[in-house]
Amino acid sequence: MGPGDNGRGGLGLALAILLSALAHIGLLYSGLVLIPRWLAEQPAPPPVYTVAVVDNLPAGDLGTHLPQLNRPQSPPRKTLPPPRPPKPPKTAKASAPNSDTKAFALNKRGDMTPTPTPTPTPAQATAAPTVPPTPRPTARPTRRATTRPTATAHRVMTTPRPTARAKRPRPTATPRARRAGPRETPKRMLAQATPKPTPGVREQMAALRKQLLLDSLKHRKVIAQRHEGEGGGPLESNVSSGGQGYGVGPGHESAGMLKDPLFLLYYTQVQERIKKAWTFSGGNSDLTATIEFAIGPDGQLLNYQVQRSSRNDAYDESVIRAIKRAAPFPPPPPDYRDAFSRGVEATFRLGELNS
Amino acid sequence: MRFQPYGATCAQRALVAVLGLGTLLLIGAPAWAQSQSGLLHFDIVGPGSKLAPIAISQLKNLGGDDEGEVSAHFVNVLSRDLELSGYFRLIKPEAYIENPQQSGYQLGQFNFTDWSSINAEFLVKGAVTASDAVVTIDAFLYDVAAQKQLVGKRFSGAPQDVNRMARRFADAILAGITGQRGPFDSKIALVSTRGGRFKEIYITSLDGEDLYRVTNNPTINLSPSFDRGVGHLLYTSFKSGSPDLYLFNLATKREIRISTDRGLLLGGAVSPGGNSVVAAVERGGATNLFMLDLQGNVIRQLTRGGSINVNPSFNADGSLMAFTSDRGGTPQIYVMNPQGGEARRVTYSGSYNTDPAISPKGDRIAYQTRNGGFHIAIIGIDGGQPTVLAAGQHPSWSPDGRYLIFSADRSGTSRLYLMQVDSGKIIAPITKEDGDATDPAWSWWLGE
């Protein structure tokens, strides 16, 4: 493509128009059908009405069985003991109530009968990350204008494209780039979106999706700032807030993780789910417990153990229930499946709620 | 989850707003965010809710409860009690997916996803077998997410005992979840003007069922107290013309009068053992505390002097007694060993502190303090700084020590209110607005 194209004559022009038309159709298709579908299927949590796959439970009748939630687990991690072998189901006798024939003798705590298989419970509704935030009025459109065309420069696409396309594929994209730091983001977006000669659609969609995630993240951040009592999350951990911050932890990959909106979004989702699922009343505000657990590639809770007990059984139990109720989580982003299945830890502080 | 202390400066907030994601991308994780184990770390401050969502399914009818009356009764009382406990939020039955008559109630016989999908954290299921003479209820508490049984009980009794079965199961549920038995299998005595202008003594349950009228005389009846076995109720009545103590036997419904020639009886409390009372006896302007046997003979004089000593109250095992005395110039709370010894002053702040109630464990005292109106306050048994909880009078502790019941007039009628002590939360009024309800006394548990 160059200035000489026009001189090639009618055939060349017709070809160019045809290709352009095809490309537009393809783009339209991807924009209106593929991307929404992909966005819907990838980061969204499983549907609310799932049926747990338990050995001794009859299949449900909701017709929405998930194929198999209990995938083979990832290889044993250093930090966590191997998954507990499921205990054999108790017999009918074991689960029978404590007999109280003397009318009202109060028995001690009832049998704690574990289920044969730990099955993830259906996801509770979580905020899907697809909420498109409204762009800030201060947005400068320049960056997108410069980065995008480069990123999507396809050989196939010819003349009319640049202007028409530049707007099309980013209906929900916002000028987040401005906040995202002058150097990092554009570079990364470039890297992500640089097309291979032919298809390009996947990369474009990846870039788009990423941008949407970033937007969603920003949106959450805005919300978190508005409702100061809640929220939190790794974003704020950089601000010197007197040790009250939210640790994203660390490690070898952390530097890379923390720059990745996919990671940050996922991290925030998990944190919000756990908090929402946690109920506790009573006790004093000093109570703190740390639980170690792992999230499998499908988002299932692989394993958990109390790493540091609060020395209050009821509190520890409430924290374990919170993790179980929050599970299954959405599947971690592919790049971080290892990190999440290696194990994470969550510290639950009762805080100053019970003063 | 708060990301900043409440008092965060505007500058800090601005920093958050301005730097935001950009900073994050450039700087990465700060050093202090690293967990020692090298794992990803979440920090979760404060539960999403203080109230655990619980679903209470109707009991499966195994025979004799075709109309579901027993089941409905059990579920109603249990629901009311669990709501009053301050630990739960009941999920409305309209949301339930499962039909309890068509599914099982034991582990493995029903589908937990029917309950996790309505976001229940806990689930109560059970079964009933009823005949004219005997009702048997099996009841279970399940942890929905873990799909495990936390509590399982079988209750068997007469049809009129279904209320109590529900209360005992509520207590067992609290034991299973909080580690501490609930307070519902107990009685509340109170003074009420319902049904007339006279102050009469009644006994009820926390859930308002099983109201029983103890006195029926056109005078004034006051200051009920239970013995620990909940076999007797002591109260003061003017029905003979002058105030006397009466010990009412809850089983036989008979009462004995306790009087003394030492002076005028101005109220008292029955000892936990039930075989003696501590009475305030007035003579010549001085009021002192005497321990009397049930015939009115003096076992021991506990206070001496010309001051006023009233409002005796015992802890659960009777090893401590609190009372009000104005020996220091103003009414204040004192404690002493009822077997004798020196009294020790507990309250020093405020100039009018009365009506002490020692917690069952004996570690705290609730009392009323007057300071532009009456308020309920709490103080350690060794004194210290009191905590004022709410407007009200005449506090009484639950047997588990987690709750107080007291009277307060908030709408022109005095009612009894239930409060969770540690949170200071007033959970609900216990009495309706049918006459003034005052002077509550919370009994020990009715059974082991």
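## Helix α9 of chain A

In this predicted model, helix α9 of chain A covers residues 313-326. At 1.5 Å a residue, its 14 residues should span 20 Å, and the end C-alpha atoms do lie 20 Å apart, so expectation and model agree. At the N-terminal end, A:Asn312 acts as a cap, with a side-chain oxygen placed 3.0 Å from the backbone nitrogen of A:Ala314.

Is this helix enclosed or exposed? It is largely enclosed by the rest of the structure, because 12 of its 14 residues are buried. Among the buried residues are A:Ala314, A:Val319, A:Ile320 and A:Ile323, and charged names such as A:Asp316, A:Arg321, A:Lys324 and A:Arg325 are also on the list.

## Chain A as a whole

Stepping back, chain A holds 10 helices and three strands. Read from the N terminus, the order is α-α-α-α-α-α-α-α-β-β-α-α-β.

Of its 355 residues, 49% count as buried. Among contacts in chain A with a separation of 6 or more, 75% are between residues 24 or more positions apart. The chain exposes about 17,600 Å², and carbon and sulfur atoms supply 60% of that area.

## Two nonpolar cores

Let us turn to the cores. The largest nonpolar core has 46 residues, and the members that touch the most others are B:Phe74, B:Leu78, B:Phe88, B:Ile137, B:Leu141 and B:Phe169. Helix α4 of chain B (residues 162-178) gives this core its largest share, nine residues. Apart from this core lies another of 35 residues, including A:Phe263, A:Phe280, A:Ile320 and A:Phe329. A:Ile320 is also one of the buried residues of α9(A).

B:Leu141 is a good place to look at the 46-residue core in detail. Leaving out residues up to four places away in sequence, B:Leu141 touches B:Ile54, B:Phe122, B:Leu123, B:Val124, B:Lys148, B:Gln149, B:Leu150, B:Val151, B:Phe169, B:Ile173 and B:Ile177.

## Strand β6 of chain B and its partners

Strand β6 of chain B spans residues 135-143, and eight of its nine residues are buried, so the strand is largely enclosed by the rest of the structure. Strand β5(B), residues 122-130, pairs with β6(B) in the antiparallel sense over nine bridges, and B:Gly126 stands opposite B:Ala139. A hairpin of four residues connects β5(B) to β6(B).

Strand β7(B), residues 148-157, also runs antiparallel to β6(B) and is joined to it by nine bridges. Here B:Ile137 stands opposite B:Phe155. Four residues lie between β6(B) and β7(B) in their hairpin, and B:Gln147 in the turn has a positive phi of about 55 degrees.

## The β15-β16 hairpin of chain B

Further along chain B, strand β15 (residues 264-270) has five of its seven residues buried, so this strand too is largely enclosed by the rest of the structure. Five bridges join β15(B) to the antiparallel strand β16(B), residues 276-283. B:Gly268 faces B:Ala279 across the pair. Five residues separate the two strands of this hairpin, and B:Gly274 in the turn has a positive phi of about 85 degrees.

## A buried loop residue

Where does B:Thr413 lie? This residue sits in the loop between β28 (403-409) and β29 (414-420) of chain B. B:Thr413 counts as buried because its relative accessibility is 14%, under the 20% cut-off.

Not counting residues up to four places away in sequence, B:Thr413 touches B:Ala408, B:Glu433, B:Gly435 and B:Asp436. B:Asp436 is 23 residues from B:Thr413 in sequence, yet their C-alpha atoms are 5.4 Å apart.

Conventions. Residues numbered from 1 in each chain as written. Chains lettered and ligands numbered in written order. Predicted model: local features only at pLDDT ≥ 70, side-chain atom pairs only at ≥ 80, totals over all residues. Heavy atoms only, no water. Core = buried A, V, L, I, M, F, W, Y, C linked by side-chain atoms within 4.5 Å. Buried < 20%, exposed > 50% of the residue type's maximum accessible area, 1.4 Å probe, protein only. Contact = heavy atoms within 4.5 Å. Pairing = 2+ DSSP bridges. Expected span 1.5 Å × (residues − 1). Polar contact = N/O pair within 3.5 Å; in protein donor to acceptor, adjacent residues only side chain to side chain. Areas by Shrake-Rupley, 256 points an atom, 1.4 Å probe, with all protein chains shown as cover.
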